[in-house]
Structures are given as structure tokens and as C-alpha cells.
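Biologist: Please take a close look at the interface between the two chains, and tell me how the strands around it are arranged.

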Number of protein chains: 2
Amino acid sequence: MRVNSEDCRTIVDRGGDVEVIDQTRLPHQFLTLRLRSLADAANAIRNMVVRGAPLIGVTGAYGMALAMRESADDESIARASQLLEQTRPTAVDLRWSLERMSALLAALPRAQRAGAAYAEAGRIAEESVAMSSRIGEHGLALIEARRRADGPVNILTHCNAGWLAAVDWGTALAPVFKAHRAGIPLHVWVDETRPRNQGASLTAWELAMEGIAHTVIADNAGGHLMQHGRVDLCLVGSDRVTRSGDVCNKIGTYLKALAAKDNGVPFYAVMPSSTIDWRIRDGLREIPIEQRGEREVTHICGATESGAIETVRLTPAGSAAANFGFDVTPAHLITAIVTEAGICQASERELSALFPDRARAERAKAYG
Amino acid sequence: MRVNSEDCRTIVDRGGDVEVIDQTRLPHQFLTLRLRSLADAANAIRNMVVRGAPLIGVTGAYGMALAMRESADDESIARASQLLEQTRPTAVDLRWSLERMSALLAALPRAQRAGAAYAEAGRIAEESVAMSSRIGEHGLALIEARRRADGPVNILTHCNAGWLAAVDWGTALAPVFKAHRAGIPLHVWVDETRPRNQGASLTAWELAMEGIAHTVIADNAGGHLMQHGRVDLCLVGSDRVTRSGDVCNKIGTYLKALAAKDNGVPFYAVMPSSTIDWRIRDGLREIPIEQRGEREVTHICGATESGAIETVRLTPAGSAAANFGFDVTPAHLITAIVTEAGICQASERELSALFPDRARAERAKAYG
């Protein structure tokens with residue numbers, strides 16, 4: 001997508017080093033960063049220089065490639081995969097890409113591993129872009145169906161599931177970008193998404209760069225807007241979906257889904273199939289919820305009047321804080337799930353019907 | 001309540017000038033401010049130097065007294081009442097106290113008005129303290145009922161409905177202070193309450209000053225905590241309650257009430273009877289929702305490492321923001337309403353039974 005009118009991706013192979021956008025600096029500064037080692041890749045994921053389930057998956061794949069450049073023996077494959085998987089516990093795309101990379105590399109002679117790893121990571125990235133684009137086309141139909149004569153379609157989104165969360169196009173925002181380019185008048189309510197403010201900093205920035213009308217709101221405001229008919233549909237991404245359709249996503253998603261249900265507003269979860277964890281059924285019991293440092297709640301970073309980036313403390317010095325990264329929205333609150341293969345109900349029956357091979361293979365892996 | 005171990009109130013008559021705590025500086029600085037004129041009082045309410053429905057009401061009463069000191073003619077009564085009422089549109093306590101002051105003053109000779117105004121404002125303040133204390137006693141029973149053998153009672157609260165929102169004791173936090181002093185082990189989940197962060201800055205500070213265990217959380221986190229059994233009850237204040245029991249409170253309250261209902265967690269709204277607007281029934285249609293400036297969403301204020309107070313911008317420079325101050329929680333999501341007269345269901349029948357005289361008089365005023 002566009003950054004100052006130039007096409008851009010979140011992650012690019014620069015002849016062995018891997019270039020990413022430093023997302024901790026947005027929206028105030030647009031800077032790229034070179035990952036030169038396995039440790040760099042792990043730190044970039046852990047410190048949320050890169051984030052978003054699909055992009056974490058692709059960065060994990062390139063992390064394996066960087067590891068192979070350092071050492072291509074069997075132990076290095078296992079060590080790199082383990083190190084990378086431990087960086088973030090909730091998103092399942094990372095596990096999916098690490099398993100794919102490990103299986104491929106283990107079957108090759110050592111001398112071929114580094115080259116093959118870069119090629120495979122590149123394929124995963126290209127597949128991600130293609131999936132995002134197809135997701136966008138499917139979701140576009142949902143927006144088109146809500147087109148109205150009296151003004152723009154009002155879409156509410158939580159966190160950032162735009163192209164910054166993927167390689168390009170994004171997940172929940174891919175339909176928004178496609179609809180905008182198709183000429184459908186749109187307006188997006190952007191949840192700021194405390195504590196890390198990915199909505200206020202990343203989603204707002206993406207939409208501004210594409211010229212899409214949007215308004216940033218406190219996370220508290222969505223229910224009020226839905227009560228007053230000011231939201232036509234909700235689009236959110238996901239970090240892990242169970243095979244029964246429970247949707248784990250950024251903390252606060254569940255509250256918006258409750259409000260959508262209470263007010264008859266369609267609530268769509270949008271993700272590539274790599275985000276579906278076929279091995280589990282009960283999202284509330286089986287998905288590990290990452291707890292991050294309390295400083296992300298007690299402090300916040302922004303730009304001062306003079307343009308300097310400054311961190312300020314919000315809470316009394318002695319007060320504790322808790323920082324849960326995600327919550328789980330039960331399947332019955334999800335109107336439908338949008339994937340690269342199409343749209344279906346959030347249920348085991350419909351998800352398995354949409355992805356019969358994947359469902360079968362993953363269950364065989366888990367139980368076989 | 002206590003500030004650095006000394007008893008303190010939010011508003012005090014200092015021989016004609018009125019001293020208030022500057023709540024925009026907390027939790028980083030504890031400063032008081034003198035209101036010397038009607039204009040000072042109106043600005044203090046408008047700029048949220050003082051806030052919270054009961055305290056706004058008392059400040060309005062003192063604003064009328066300051067106006068009488070300036071000029072005690074009939075026009076001054078009308079002008080002061082109108083100016084003060086327009087400062088904040090949602091809380092109804094302000095209208096209640098201005099009507100009480102205006103009726104009293106209009107019936108007096110001009111020479112007696114200033115003295116009588118200070119005396120009446122003082123009575124309203126004392127009545128507020130007594131009401132908060134009784135509210136605290138009634139609410140204490142609800143906390144006592146949830147006492148558990150395996151740890152503290154976990155209470156979730158939104159915004160600040162503590163003593164800083166009243167004159168002393170508070171509304172939703174009055175039961176918490178009473179329960180703590182009664183020796184019941186407590187832990188409070190404090191919603192930070194974007195965009196103005198009254199939870200993170202005021203509620204956390206009050207609880208710290210009283211030595212009550214608490215944890216600040218993003219507004220997004222409450223649903224997740226309730227899904228996992230980590231909230232025993234919710235206590236929130238209110239800015240206006242309809243006679244049918246719809247509760248208008250700080251934006252985001254409705255989302256927490258939905259989550260409480262979905263997880264079987266009791267959800268109590270706590271307020272003095274001056275917060276009940278007997279003239280209206282349908283909260284969603286009839287309560288005006290204040291919209292404040294977008295800068296409260298796009299910028300935030302906090303303390304730097306060096307202790308300086310600094311404001312930083314959170315959003316991209318070109319992104320719009322919207323700032324709705326309140327939302328309405330329909331009566332069916334409220335487990336019970338707690339007032340100085342006792343506890344009742346959020347329904348017209350039970351509210352009228354608890355306050356038969358007030359209900360009758362206010363309806364007569366509206367329709368008579």
C-alpha cells in the first residue's frame with residue numbers, strides 16, 4: 001500500500017538482510033530497520049517492531065532464513081524455531097510458518113538450507129499478499145451490500161489489521177482498501193486500541209495515507225455509536241481462531257462484539273486460513289493470552305509540540321497495572337468469518353467445509 | 001478522605017472564596033485553586049478542574065453564591081443559573097442544585113441573598129457528604145455479601161466516582177472505602193477511562209491514598225477479566241438516571257454492563273437521588289450526550305521521567321477524532337441501583353417507591 005504515494009510492503013528481503021518498517025515509531029516517524037540475524041528477528045517480534053498475526057508469521061519465516069545463514073545444522077533449525085515461537089504466545093500464524101519452514105529445511109542437505117529458507121520465506125510472503133488480496137475481494141462484497149444512499153458506509157475497526165499487520169493489503173482493512181479503490185464512499189471509526197494504541201497510531205496512519213475518511217475514537221465509544229445507528233458493520237482481524245470459530249483478537253474485541261450483537265450490527269472477523277488453529281475448539285480455555293509489561297499501561301509515548309518523541313507516565317507512581325494482550329470472542333457473537341477462500345459462519349461445520357484439506361491434515365498432525 | 005494522611009474535601013468555603021482541588025493536575029500534582037467569581041466557577045466546571053456529577057452540583061451552588069457576591073439582583077440570579085447550567089449538559093445534579101438555589105434566592109430580599117446563598121451552598125455540600133456516607137453503608141452490604149474465603153473481593157469500576165467526584169466519600173467508591181475501613185479484603189480493577197483517564201489518574205490516586213489494593217487496566221480489559229471469573233461485582237457512578245432506571249455514565253460504561261450481563265457478574269449503579277431525572281424515561285433518546293473537543297482524544301498529558309508535565313500527540317496530525325463524554329446503559333443491564341435511601345431495581349416502580357415524594361414533586365414540576 002501507499003506511503004507518501006509510493007507503494008510499500010512491511011517486509012522485504014534485501015539480499016539476505018531483511019528490511020522491516022519500525023512500527024513502534026509510527027505515526028510520528030516512518031523508519032525502516034535491517035534485521036541481520038536470528039536474534040534481530042526475534043527481538044523485532046518480541047518488541048513489536050513488527051506485529052500483526054500474518055506479519056509475525058512471515059517475520060518468523062525470515063528469522064529461520066537468517067538463522068540458516070548463521071548455521072545450517074539440525075540443531076540450529078530446532079533452536080531457531082523454538083526461540084522464535086517463544087517471542088509471542090497468542091498468534092498461531094507464527095507456529096504455522098515455523099512448522100512449515102522446519103519441515104522443509106530438515107528434509108534438505110545442509111548446504112542447500114540457507115538458500116531454500118530465503119526462497120520459502122519469500123513464497124510465504126507472496127502467498128500472504130495473495131491471500132490478503134483475496135480476503136479483500138470477499139470482504140468488499142460485505143461492504144458493497146451495506147452501501148447506502150444517504151452517506152458513506154460506516155465501518156468500525158479495532159486495533160490494526162491493515163497492511164502493517166500483514167505484508168500488504170492486510171486482513172480486516174483489505175476489504176476497506178478494495179472498497180475505497182472501487183469508489184464506495186466509506187468512513188471508518190478507528191478504535192484507538194489501548195494500551196498500545198495500534199488503532200490511533202497505525203490504522204489511522206494507513207487510512208490517511210490512502211486518503212480514506214476516518215475518525216479516531218476512544219475504545220469506550222463504540223457501544224454508544226452502535227446504539228445510535230452510526231456503525232453499519234464491524235471488521236476486526238484475529239490472532240487465532242479455533243476450529244469452532246471462537247475468535248481471539250486484540251483485547252477489547254469481545255466488548256465490541258457484545259455491543260454489535262446488542263444493536264444488530266454485523267460483526268465480521270477477517271483472517272487468512274493460517275490464523276485458524278484446527279487443533280483446538282474452546283477459545284476461552286485453550287488459547288494462551290499474552291500478558292505484557294505494565295509499563296505499556298502506565299506510560300504512553302507520543303509527539304510533543306516540537307516534534308520530539310516523549311514518553312509520559314499516566315498513573316500514580318505506586319499503582320500497579322495489568323496488561324492482557326488479547327481476549328476471546330465466542331463464535332456465537334461473530335456474524336461471519338472472512339478468509340481468502342470465502343465467507344462462512346463461525347462454526348466447525350462451516351470452517352471445515354471451507355478448508356477440508358487443512359482441517360483434515362492439521363487434525364491428523366495433532367492426533368495422528 | 002485522606003490526602004497524604006490528612007482529611008480533605010474537594011470543595012471548601014474559605015470565607016467567600018471557594019477552594020477546590022485542581023483535578024486536572026492529579027495524580028502528578030496535588031494543588032488547590034481559589035474560585036473568586038461566577039466566571040471562575042463556570043470555568044472550573046467547563047474545564048473539568050472539578051468534575052463528577054455531585055461535585056458539579058455543589059460547585060454550581062457555590063457559583064450562585066459567588067454571583068450573589070458580585071450582584072444580587074434578579075437578573076443576576078437568572079444569568080448565573082443559565083451560565084452555570086450551560087457548562088456541562090449531561091449531569092443533572094447541576095440543574096437540580098441551580099433550581100434549588102434560584103428558588104431560594106428569588107424569594108429573598110436582595111440584601112439577604114449573598115449570605116443565604118453561601119449558607120445554602122454549604123447545606124448542599126453537607127447533605128452531599130451525608131448522602132455519600134449513607135450510599136457507602138448501603139453499598140457496603142453488597143460487597144460484604146460477595147466476601148470470599150480464597151482472597152479479596154474483586155471490584156471493577158469505571159471512571160472516577162470516588163470522593164473527588166463528590167464532596168467526600170464519593171458515590172460508587174463510597175462502599176469501597178467503607179468496606180476497606182470495615183476490614184473486608186478488597187482489590188479494585190480500575191478502568192483507566194479514556195479519553196480523560198479519570199480512572200488512571202483520579203481513582204487510582206484515591207485508592208492509593210487510602211491504601212486499597214488496586215490494578216489499573218485498559219478499558220478494553222474488563223470483558224476478558226469477567227470471562228475468567230476475576231470480577232466479583234462492578235460498581236459505577238452515574239451522571240443522570242431516568243425515572244425508568246436507564247443509567248447515563250462515562251462513555252464505556254455500557255460496554256462493561258454488557259460484559260457483566262454476559263458473564264453473570266452483578267452490575268450496580270451508585271448515585272445520590274439528585275442524579276435521578278424524574279422528568280424523563282428513555283435514556284437513549286432523552287439524555288443529551290456531551291461531545292467534547294477532539295484534542296482530548298488526539299493528545300494526552302502525563303509526567304515525564306524528570307517530573308515535568310508534558311502533553312503528547314497520539315494520532316497522525318491529519319486524523320480527525322470524536323469525543324463522546326457519556327453513554328447510556330439500559331435499565332435491563334443494571335442489577336440494582338444504590339442510593340442514599342437504599343437499594344432497588346432499576347425500574348420506575350421501584351425507584352418511585354424508594355423516593356415517593358421526589359418522584360411526585362418533580363413530575364408535578366414538569367407537567368404541572
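**The contact between chain A and chain B**

Modeller: In this predicted model, the count between chain B and chain A is 24 residue pairs in polar contact, both residues of each pair being at pLDDT 80 or more. On the side of chain B that touches chain A, helix α9 (residues 253-263) of chain B gives the most, with seven residues, and the residues of that side divide into 33 nonpolar, 19 polar and 11 charged. The contact as a whole takes 63 residues from chain B and 63 residues from chain A, and the area buried between them is about 4,800 Å², of which carbon and sulfur atoms give 60%. Two salt bridges are found across this interface; one of them joins the side chains of Arg194(A) and Glu192(B), at 2.6 Å from N to O.

The interface also involves strand pairing, for strand β8 (residues 214-217) of chain A and strand β16 (residues 320-321) of chain B pair in the parallel sense over two bridges, with Ala320(B) as the bridge partner of Thr215(A). This pairing belongs to an open sheet of eight strands, in the order β19(A)-β18(A)-β12(A)-β9(A)-β6(A)-β7(A)-β8(A)-β16(B), where the pairing is mixed. The edges are held by β19 (342-344) of chain A and β16 of chain B, each of which has a single partner strand, so one side of each is left without a neighbour in the sheet. At the β19(A) edge, three bridges join that strand to strand β18 (residues 336-339) of chain A, the two running antiparallel, and Val338(A) has Ile343(A) as its bridge partner in β19(A).

Two helices of chain A can be placed against these strands. Helix α5 (residues 110-145) of chain A packs on the sheet and touches β6 (153-157), β7 (186-191), β9 (233-236), β12 (267-270), β18 and β19 of chain A, its direction making about 140° with that of β18(A). Helix α7 (residues 198-210) of chain A lies across β6, β7 and β8 of chain A, and runs at about 165° to β7(A); β8(A) is thus a strand that helix α7(A) lies across and that also pairs with β16(B).

Chain A also has an open sheet of three strands, β3-β4-β5, with antiparallel pairing. There β3 (11-14) and β5 (32-35) of chain A stand at the edges with a single partner strand each, so one side of each is left without a neighbour in the sheet.

How values were computed: Residues numbered from 1 in each chain as written. Chains lettered and ligands numbered in written order. Predicted model: local features only at pLDDT ≥ 70, side-chain atom pairs only at ≥ 80, totals over all residues. Heavy atoms only, no water. Contact = heavy atoms within 4.5 Å. Buried area = accessible area lost by both parts, 1.4 Å probe. Salt bridge = Lys/Arg side-chain N within 4 Å of Asp/Glu carboxyl O. Polar contact = N/O pair within 3.5 Å; in protein donor to acceptor, adjacent residues only side chain to side chain. Helix = DSSP H or I, 4+ residues; strand = E, 2+ residues; numbered from the N terminus. Nonpolar A, V, L, I, M, F, W, Y, C, P; charged D, E, K, R; others polar. Pairing = 2+ DSSP bridges. Axes fitted to C-alpha atoms, helices over the stretch in contact; angles between N-to-C directions.
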